Amino acid sequence: MKKLAIASAAAVLTCIAIAPSAGAAENSSAGTQSFYDCGFIEGYKTPGGRAWYNHCGESPVKIIVENIWFTDKEKCVPGGITDIEYYVDGWKTRDAWSVGSC
């Protein structure tokens, strides 16, 4: 009886662990799997410590990328995740937001 209870508990825990990853593929955009929210992703939330922009649409969008000195640069990004740290003149990215289509 004890072995049955342990096996049942292990099966339930396995189902719980697998279920969220199955939904992540359905919520992804542009064919990429992502658990990030749409829009600006701060560097401390990414594996490499670089700021990203996650555009959840399919057609390219124009964004403004702002560095720590409040200098803005425009950039067109495709659907999915784009590393935007390059577009701030070597400074850390402070923010980024969409301003319309390219």
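## Disulfides

The chain has two disulfides, a disulfide being a pair of cysteine sulfur atoms within 2.5 Å. The model is predicted: local features need pLDDT of at least 70, side-chain atom pairs count only at pLDDT 80 or more, and totals for chains, interfaces and linings use all residues. Residues are numbered from 1 along each chain as its sequence is written, and side-chain values use heavy atoms, with hydrogens and water left out.

One disulfide joins C38 to C56, with 1.7 Å from S to S. The torsion about this S-S bond is about -105°, so the link between C38 and C56 is left-handed. The pair connects distant parts of the chain, 18 residues apart. C38 sits in the loop between α1 (2-26) and β1, and C56 in the loop between β2 and β3. Helices (H or I, at least four residues) and strands (E, at least two) are DSSP runs, numbered from the N terminus. C38 is exposed at 51% relative accessibility, whereas C56 is partly exposed at 34%. Here buried means under 20% relative accessible area, exposed over 50%, and partly exposed in between (1.4 Å probe, protein chains only).

The other disulfide joins C76 to C102, with 2.1 Å from S to S. This link is left-handed too, with -135° about the S-S bond. C76 lies in strand β4 and C102 in the segment after β6, so the bond ties together parts that are 26 residues apart in sequence. C76 is partly exposed, at 36% relative accessibility. With bonded cysteines counted along the chain, the pattern is 1-2, 3-4.

## Sheet β1-β2-β5

Three strands form an open antiparallel sheet in the order β1-β2-β5. Two strands pair if DSSP finds at least two bridges between them. The edge strands are β1 and β5, each pairing on one side only. Neighbouring strands are turned by 25° against each other on average, direction ignored. For such angles, axes are lines fitted to C-alpha atoms (for helices over the stretch in contact), and angles run from 0 to 180 degrees between N-to-C directions.

Strand β2 (residues 52-55) is covered on both faces. W52 and N54 are buried on one side, Y53 and H55 on the other. In a regular strand the side chains alternate between the two faces of the sheet. Three bridges join β2 to β1 (residues 39-41), and four join β2 to β5 (residues 80-83). W52 has a partner in each of these strands: I41 stands opposite W52, and D83 is its bridge partner in β5.

## Sheet β4-β3-β6

Another three strands form an open antiparallel sheet, in the order β4-β3-β6. Its edge strands are β4 and β6 (93-101), each pairing on one side only. The twist averages 25° from one strand to the next. Seven bridges join β3 to β6, and these strands run antiparallel. V61 has S101 in β6 as its bridge partner.

## Salt bridges

The structure holds six salt bridges. The criterion is a side-chain nitrogen of Lys or Arg within 4 Å of a carboxyl oxygen of Asp or Glu. One of the six links R94 and E66, at 2.6 Å from N to O. R94 belongs to strand β6 and E66 to strand β3, 28 residues apart. E66 is buried at 8% relative accessibility, whereas R94 is partly exposed at 41%.

R50 pairs with D83, and their closest N and O atoms are 2.7 Å apart. This salt bridge also links distant parts of the chain: R50 is in the loop between β1 and β2, D83 in strand β5, 33 residues apart. Both ends are partly exposed, R50 at 36% and D83 at 31%. E42 and K45 form a further salt bridge, with 3.7 Å between the closest N and O atoms. E42 is partly exposed at 31%, as is K45 at 46%.

## Nonpolar surface patch

I68, W69 and W91 make a nonpolar surface patch of about 350 Å². Patches are made of residues with over 30% relative accessible area and no salt bridge; like charges are joined within 9 Å, nonpolar side chains (Val, Leu, Ile, Met, Phe, Trp, Tyr) within 5 Å. Accessible areas come from the Shrake-Rupley method with a 1.4 Å probe, and for residues only the protein chains shown count as cover. I68 lies in the loop between β3 (61-67) and β4 (72-77). I68 is partly exposed, with a relative accessible area of 39%.
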